[in-house]
Amino acid sequence: MENTLRELILSEIRSKGPIPFERFMELALYAPNMGYYLREGSTIGRGGDFFTASHLGNVFGSILSRPIEEVWRRMGEPKDFHIVEIGPGMGHLAYDILTALQGNPIESCLSYHLVELNPHLVKLQKKRLENFLSKVFWWRDIFELEHLSGVIICNEILDAFPVRLFEVRDSRILEVYVGTDRDGEFVETFYPADNELISYLEEFAPWVQHFDNYRSEACLRIRNWLRTLRGLLKGGLVLLIDYGYLSEEYYDLSRNRGTLMCYFKHTTNDVPYVHIGEQDITAHVNFTAVAKWAEEAGFKVENYTTQYRYLFSLVDEKFLERLYNHNPSSVIQFKTLILPGGMGESHKVMTLSVGL
Ligand SMILES: C[S@@+](CC[C@H](N)C(=O)[O-])C[C@H]1O[C@@H](n2cnc3c(N)ncnc32)[C@H](O)[C@@H]1O
């Protein structure tokens, strides 16, 4: 698989010349049938390359069912309420949210929509959600959805969007492209950044121009994606949960190699040109840019905080007591989710609302 995907990328370079790193990342992660997220056997969790909050157990989903119910009430308890999960992975979060909402007055009003690019994962999700099939629907792309009222959940999605890589040399911003050397190995080449990348940096990190040999990345695709999302959502809330920073922290001098990271069998490395299609490639999210673009698209930014503060604000003693009585190990799950120095701090939550 790695060789075939490698060959696909090499042939694109042979025909077009060096390609922007963003395109390399797009092919490595999303080339049909071969990219890391689109191949068969793509798994997240203990058997895969990394795990996310929804793999720790049912606590994350149980807690997130609370703001979902609250939004439903704020919207006047509509008869038709949509929960949309973009990139639902193995389907654990969907299962845990639907289970937590069983017996709740919202249950008869809701439908759950999974937006999944990988047909192999859809099969796994269908199996996991077999008890809920009457209210669960699958879509390949958010473009297929419209007139949504409810909550859109994106857990660790934005970090998987292809990013543009740049370096600053002698006060010039250069964009990283990927070409090949004589032996057919991938090599980075550098071209002057285009206006889009320069405007992004002027707006969100003008100071980096003064850092020499500075390297980082920018995810410009989020802007259009937010516009699309806003077009679909008539009313409700978008819940963005991801690792990320505000601009000042993101583009700090101390982070002069950026945040690009690869995950391979629960180890990390910063070389995207190996294990192609077999390793995840991610970058942190710039939440300053997300907030700005969300407002520009017509959302109201309701909240931005750490996962620790967000989850803590949603639980009370009774809830924790019930968790413990149901399953004592839930308390360990909860601690992992809120741990300072771990997921509790690295992961941030941003909520965007429409008409609430
Ligand atoms: C790190 S995984 C997270 C999976 C899951 N949300 C979880 O928490 O376990 C990132 C997922 O985002 C999906 N993804 C990235 N961009 C997407 C897009 N534009 N539309 C739908 N899914 C997307 C990928 O296919 C991948 O399954």
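User: What makes the approach between a nitrogen atom of the ligand and a polar backbone atom of Asn 155 a polar contact?

Analyst: The two atoms are 2.8 Å apart, and a polar contact is a pair of N or O atoms within 3.5 Å (within protein, one must be able to donate a hydrogen and the other to accept it, and residues adjacent in sequence count only if both atoms are side-chain atoms), so the pair with Asn 155 qualifies. Side chains also take part: an oxygen atom of the ligand is 2.6 Å from an N or O atom of Thr 52, and an oxygen atom of the ligand is 3.5 Å from an N or O atom of Ser 54. The protein covers 92% of the 600 Å² of accessible area that the ligand has on its own, as computed by the Shrake-Rupley method with a 1.4 Å probe, where for residues only the protein chains shown count as cover.

This is a predicted model, in which local features need pLDDT of at least 70 and side-chain atom pairs count only at pLDDT 80 or more, while totals for chains, interfaces and linings use all residues. Residues are numbered from 1 along each chain as its sequence is written, and side-chain values use heavy atoms, with hydrogens and water left out.

User: How do you know which residues surround the ligand, and how does this shell divide into nonpolar, polar and charged?

Analyst: A residue belongs to the surroundings if one of its heavy atoms lies within 4 Å of the molecule, and 15 residues surround the ligand, the closest being Tyr 30, Thr 52, Gly 87, Asn 155 and Ile 157. The shell holds eight nonpolar residues, six polar ones and one charged, where Ala, Val, Leu, Ile, Met, Phe, Trp, Tyr, Cys and Pro count as nonpolar, Asp, Glu, Lys and Arg as charged, and the others, Gly among them, as polar.

User: Why is Thr 351 called buried?

Analyst: Its relative accessibility is 3%, and buried means under 20% (exposed is over 50%, partly exposed in between, with a 1.4 Å probe and protein chains only), so Thr 351 falls on the buried side. Thr 351 belongs to strand β16, residues 347-354; helices (H or I, at least four residues) and strands (E, at least two) are DSSP runs, numbered from the N terminus. Beyond residues up to four places away in sequence, Thr 351 touches residues including Leu 237, Val 238, Leu 239 and Tyr 310, contact being heavy atoms within 4.5 Å.

User: Is Leu 237 buried or exposed, and in which strand does it lie?

Analyst: With a relative accessible area of 5%, Leu 237 is buried, and it lies in strand β10, residues 233-245. Its contacts outside four places in sequence include Val 71, Gly 150, Thr 351 and Leu 356.

User: What makes Ser 111 buried, and which side chain does its own side chain join in a polar contact?

Analyst: The relative accessible area of Ser 111 is 11%, which places Ser 111 in the buried class. Ser 111 sits in strand β3, residues 110-115, where its side chain and that of His 113 are joined by a polar contact of 2.8 Å. Setting aside residues up to four places away in sequence, Ser 111 touches Phe 81, His 82, Ile 83, Lys 135 and Phe 137.

User: Why is the pair of Tyr 308 and Phe 312 called tilted?

Analyst: Rings of Phe, Tyr and Trp (its six-membered ring) pair if their centres lie within 6.5 Å, with planes under 30 degrees apart counting as stacked, over 60 as edge-to-face and the rest as tilted. By this rule there are 21 aromatic pairs; in the pair of Tyr 308 and Phe 312 the centres are 5.6 Å apart and the planes stand at 40°, so it is tilted. These two residues are four apart in helix α10 (residues 307-314), and therefore about one helical turn separates them. Tyr 308 is partly exposed at 31% relative accessibility, and Phe 312 is partly exposed at 41%.

User: What makes the phi of Asn 33 and that of Lys 265 worth noting?

Analyst: Most residues other than glycine have a negative phi. Asn 33, however, has a positive phi of about 65°, and Lys 265 has a positive phi near 50°. Asn 33 lies in the loop between α2 (21-30) and α3 (59-74) and is exposed at 53%, while Lys 265 lies in the loop between β11 (261-264) and β12 (267-269) and is exposed at 57%.
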